Structure formats: C-alpha cells, structure tokens
Amino acid sequence: MRKQVRVRFAPSPTGGLHLGGMRTVLYNYLFAKKNGGDFILRIEDTDQSRYVSGAEEYIHNCLNWAGLEPTESSYHGGNYGPYRQSERKELYKKYAEQLVKDGHAYYAFDTPDELENMRHDLKTEQNPSPQYDQSIRMKMRNSLSLAANEVRKLQDANAPHVIRIKMPEHETVSFIDMIRGEVSFDTSLVDDKVLLKADGMPTYHLAVVVDDHLMKISHAFRGEEWLPSAPVHILLWKYLFGLNEMPQWAHLPLILGPNGKLSKRDGAKFGFPVFAMNWTDPKTNELTEGFKEKGFLPEALINFLALLGWNDGTEQEIFTKEELIEKFSIERVHSGGAKFDYEKAKWFNHEWIKKSGVRGMEPGVKRLLSEKGITDIDSSVLEKVVGLVKDRCTLLTDFYDHSYFFFKSPEKWDIAAVRPKWNEAKQLFFAEVIRNYELNNDWKAISLENSFKEIAAANQIKPGEVLLPLRIMLVGGKFGPGVFDIIEILGKNETINRIKKALTVF
RNA sequence: GGCCCGUUCGUCUAAGGGCUAGGACACCACCCUUUCACGGUGGUGAUACGAGUUCGAAUCUCGUACGGGCUACCA
C-alpha cells in the first residue's frame, strides 16, 4: 500500500515571509494537492532569542492571502500536534538521550568561551573556520574525552551541557534527492552538530528529524541551504527510526537576488518587494513592503513563483492554481538557482489582471480608490471604468492613476500643451459642442464622436486640433482611454461642466 | 581554506546523442492609436573553457574556470 503523502512547511517565526519561503510553501501545497496528501504548517520556534512576536500570525495571513492554506497547523488543528516546536520541547530530550546511550551522541560541557577560544586558537589561513569535529573532540570537555567519574561529577553539579552527535569516521552517507539525484558526503568532514541545547531545546537538526517522524512526513522539501547538513539528518534517521521510515528529500534551488541569495536588503536597494505581505518589525517599527500591498494578485504571485525553477515542458506560462496542481511534478524542478526578475513578476501580474473578469477586480479597485479618498462610487460606473482601464494596469495600484479622473474633476490642466495653439475659433467651437451635447439624448461614445467631428468640419477645424484640448479639459493631461469613452462614462452634466470650467482657464 | 550544489540569450527557461538550439520577460524597430498605454509584426541576443567517448555532444565522462550555499548552543 502506498504511504499517505504528508508534507510540511516549517518556517521559524523570525520576520517577513520572503519569496523563497513562499515558493517552498507553493511546491509543498501543489505536491500535497496533486497526490491527495496533507499539508502541514509547523512552526520551528526553538530559538527563543530570535523569536519575533506576531510573526506566526503573519505567516498564516500570507498563506491565507495566497490561497495556500495548510490542512494541519496550530490554527487549523490536526492529529499530530502541537504544531509549535516550543510546545513539544519535552519530546526531544528522550531521543537525544537515546542517542547518547547508543553511542551515537555525547554530552559536551564546553562553555561558550571555551568554544570561542578553540576556534580562535585553531584558526589559520588554511582553516578559517575550525569545526568541533572528530579531529578536535578528544581535546574538548565532553563525555568522550573526560573520565567517567568526572562526567558524573559535572552532571551531579548540574553543569550546563549540550548533546552533540558523534559523527562516524570515514563513512560515506548518501541519499537520493528528488531533484538532484544521488548526493554523498564523507562523514569525517562533517562536524559534531549540537542536537540538544543547554536550555533543553532541540536544534533544528534534531527537531526536524523527530517531528518529521512523529508527524509521519512522507516527503521533505526545503531550501538548498540545508544540503550540507543533510548527512546529519540522514544519520539521525538511521540511528533513531531506520532509513526505511525516512521521507524522500528534495532540496529546492535558491532564489537569488542581484548578488547571491535574495535578501530583504536587495528589495530595499533595488525597489522591489521580497516579502509576500507587508511586514513591520515590532522592535524597530521598520516597514518592509509586500507583494500584496504593492498591488500583486495572489494568482499572479503563485504563477510567477511556480515558474521560477519549474515548467511543464511546454511553452505555457500562464497557469491557474488548478492547472498547477494537475501538472506540477517535483522531478521537473531545476537544480540550479534562479535569479529573481521583478519585470517578469510584473508581467505575470499584468496578464492576470487582463485575465481576471471585471467583477473579480471591482472589490479590490473599490478598496484602493477609497483608501485614496474616493468613496462615493456608483457601482455601474465602477464596472464600466474597470472594464475600460483594466488592460492598462500592471499592478492593482495602477488603477488609481488610470481612473481617478472619472471620479474627480481636474483642478489643474496641462495648459502648456494647449495655450500656444489656442484661439478664438476654438473657443467658439467648444461653445457649439456644449450646445450640441446639451441636446444629445443618446449619449453614446459613437454618436458623441460623430457630432464632435461634424461640428469641427462645419467650422473648418481639423479634429486633431481640438481632440487634445478636449482630453485635457476632461482629465487634465495627455493620458487616459479614448476621449469619447470617457465622455460616455462621465455623463452629460459632468462632461459639460468640465468643458465649461476649462474654457474659463484656457 | 574545507565540503556540497550548480553553469543554455542580460533574466526565467525548452531541447535528455541527430533539423537552422525554441519560447517568455527586458531591449530595439515598425504597425495600430489624432493622448498615454494596451495590442500586433519583426529584430538583436546563449550552450563558460579544454580534453575525451561517438559517424554525430548543449546533452555522456574527466579536468579547469566561474557562480552560489554551508562551515553557530540560528533556522
């Protein structure tokens, strides 16, 4: 019988959720949905010094906004909780002790100062970062190097200590990565990582193995930065639960910024978001803008992220979430890192705005306009405006610039574009247009345009000479959709008022 | 420094021993548009380098170079 597919996203609540994390969420989600599996959100908050309040709730909000809800989490519940590692603290210790008993781990009593001294003393140009490994462990203070009675004494005195894994000598540890194929390591070159900290909390290395086992995780996806510590995890699986029980691993390629791994700094420096949603650091109050607030549609972000490192082998680029679920396969994920291209991200958003129906866009646009002070909006007008302007917007926030003039009469005009060619004849021409429009009972763009051109012809004025002034009268400048489309939506009173008002200024 | 991973247009990528190395973003040109955009058509542009295997290599092997990651009682 095939094992039930269960995957997890396991962030630590230390700040904003960036693109790399978002993509890990996505791939987990798609894989779970495709295989009828469960998607678990587990909070890895074992480092109390880095815990940031509000970060967990924020992660939930991001997943909710993106439509990538987990099936099990501290908020959704589930049969494998608690889903916060800090609440599972007592679980880990017995596994660490078991490892010591079996000779795969040991107690280490070295103080932070002693560790620092060791690193300082051993540091050379040839070896800039000395490790706590088999070459050095017998010279440190631990249950391997110390006499048994001395160890007992330290324990009786409650001396602070950690538990470290004892890496075996010259073994080759290898495993099959779903993306990269076989990866192998020489255990002699890996250090004796801390498994259980002095405060009794596990480190990531112990916690990830224990929890993946207890939560019956079948496939473990994580960023490529974890590849170097994979041999530790493989060994832990072997010692604790057996390799047969181990999930299948996939190490996802990194998302790169202009120089290396994408960071919050890159966003600030180059002017693009890196977090899914706005994040305010509770300590510094510093705000980092998110894709949501920048004006991205969740569908577009998902689509963009999915294609950053994966494709279905065809030339299709626009995928709905349902299509992604159907077509996604972890084997088609690339092994190489991908540089984040903000221009391409915006292109996806533009495509999704065009693809979305007017109805779907309306609530978002209405919210945006009201944030900018435009509140009294007739819904039939809004519908027409959105339909007319939609294709011109790349970001949701562009709707304001492309449509505010439907709701606000201009107070300034691009007079420099009109005045040099302005004359008495044009003044009279517009007076006639007003008289004509007052009598128009149809008020459709096409009839409005026809009568405008007829009046121009009768006055021996080329339409081109009065079209631009008309536009500027209505919207204030050289922009916007077709003038007669604007006029139709504005309606008779508003159009005539705007022309009259501008005429007094030109 | 050591270990691990990677390398096809500027960017994201297709091609898994066999057409002229295909598409998308960006860029450029033209068309459309009596505004600004959208849109349409076309164009510039890549297999890191060197060996080897082979009738034939972007593709397989080795080496080199370059890029990235890790090297904490952080994740």
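Which helix is Pro469 found in? The first legend gives the answer. All views come from a predicted model.

**View 1. Pro469 sits in helix α18.** Pro469 is buried, with a relative accessible area of 7%. Beyond residues up to four places away in sequence, Pro469 touches Val418, Trp422, Phe430 and Phe506. Arg419 is 50 residues from Pro469 along the chain. The C-alpha atoms of Pro469 and Arg419 are separated by 9.2 Å.

**View 2. Helix α19 is mostly covered.** This helix spans residues 483-490. Six of its eight residues are buried. They are Val483, Phe484, Ile486, Ile487, Ile489 and Leu490. The cover over these buried residues includes α14 (379-389), α15 (398-407), α16 (424-439) and α17 (445-458). It also includes α18, the helix of Pro469, and α20 (492-503). Gly491 comes just after α19 and takes a positive phi of about 90 degrees.

**View 3. Residues surround RNA strand B.** How many residues surround RNA strand B? The number is 65. The closest are Gln126, Arg180, Lys197, Glu317 and Arg392. Of the RNA strand B atoms that come within 4 Å of the protein, sugar and phosphate account for 67%. By class, the surface near the strand has 24 charged, 23 nonpolar and 18 polar residues.

**View 4. Side chains of Thr46, His334 and Lys354 at RNA strand B.** An N or O atom in the Thr46 side chain is 2.7 Å from a phosphate oxygen of RNA strand B. For Lys354, a side-chain N or O atom is 3.0 Å from a phosphate oxygen of the strand. His334 has a polar side-chain atom 2.8 Å from a sugar or linking oxygen. Several elements give two or more residues to the surface near RNA strand B. The helices are α4 (112-122), α12 (342-355) and α18 (463-475). The strands are β4 (162-165), β6 (181-186), β11 (260-261) and β14 (338-339).

**View 5. Three strands form an open sheet.** The strand order is β3-β4-β7, with antiparallel pairing. β3 (105-108) and β7 (194-196) are the edge strands, and each pairs on one side only. Neighbouring strands are turned by 45 degrees against each other on average, direction ignored. Strands of a sheet pair through backbone hydrogen bonds, either parallel or antiparallel. Here β4 and β7 pair in the antiparallel sense over two bridges. Arg164 has Val194 of β7 as its bridge partner. Helix α3 (residues 89-101) lies across β3, β4 and β7. Its direction is about 105 degrees to β3. β4 is also among the elements that give two or more residues to the surface near RNA strand B.

**View 6. Arg42 lies in a loop between β2 and α2.** The loop runs between β2 (38-41) and α2 (55-66). Is Arg42 buried or exposed? Arg42 counts as buried because its relative accessible area is 0%, under the 20% cut-off. Its side chain makes a polar contact with the side chain of Glu44, at 3.0 Å. Leaving aside neighbours within four places in sequence, Arg42 is in contact with Arg8, Phe9, Ala10 and Pro11, among others. The other contacts are Tyr83, Gln85, Val208, Asp211, Asp212 and Met215.

Note on methods
Residues numbered from 1 in each chain as written. Chains lettered and ligands numbered in written order. Predicted model: local features only at pLDDT ≥ 70, side-chain atom pairs only at ≥ 80, totals over all residues. Heavy atoms only, no water. Near = heavy atom within 4 Å. Polar contact = N/O pair within 3.5 Å; in protein donor to acceptor, adjacent residues only side chain to side chain. Helix = DSSP H or I, 4+ residues; strand = E, 2+ residues; numbered from the N terminus. Nonpolar A, V, L, I, M, F, W, Y, C, P; charged D, E, K, R; others polar. Pairing = 2+ DSSP bridges. Axes fitted to C-alpha atoms, helices over the stretch in contact; angles between N-to-C directions. Contact = heavy atoms within 4.5 Å. Buried < 20%, exposed > 50% of the residue type's maximum accessible area, 1.4 Å probe, protein only.
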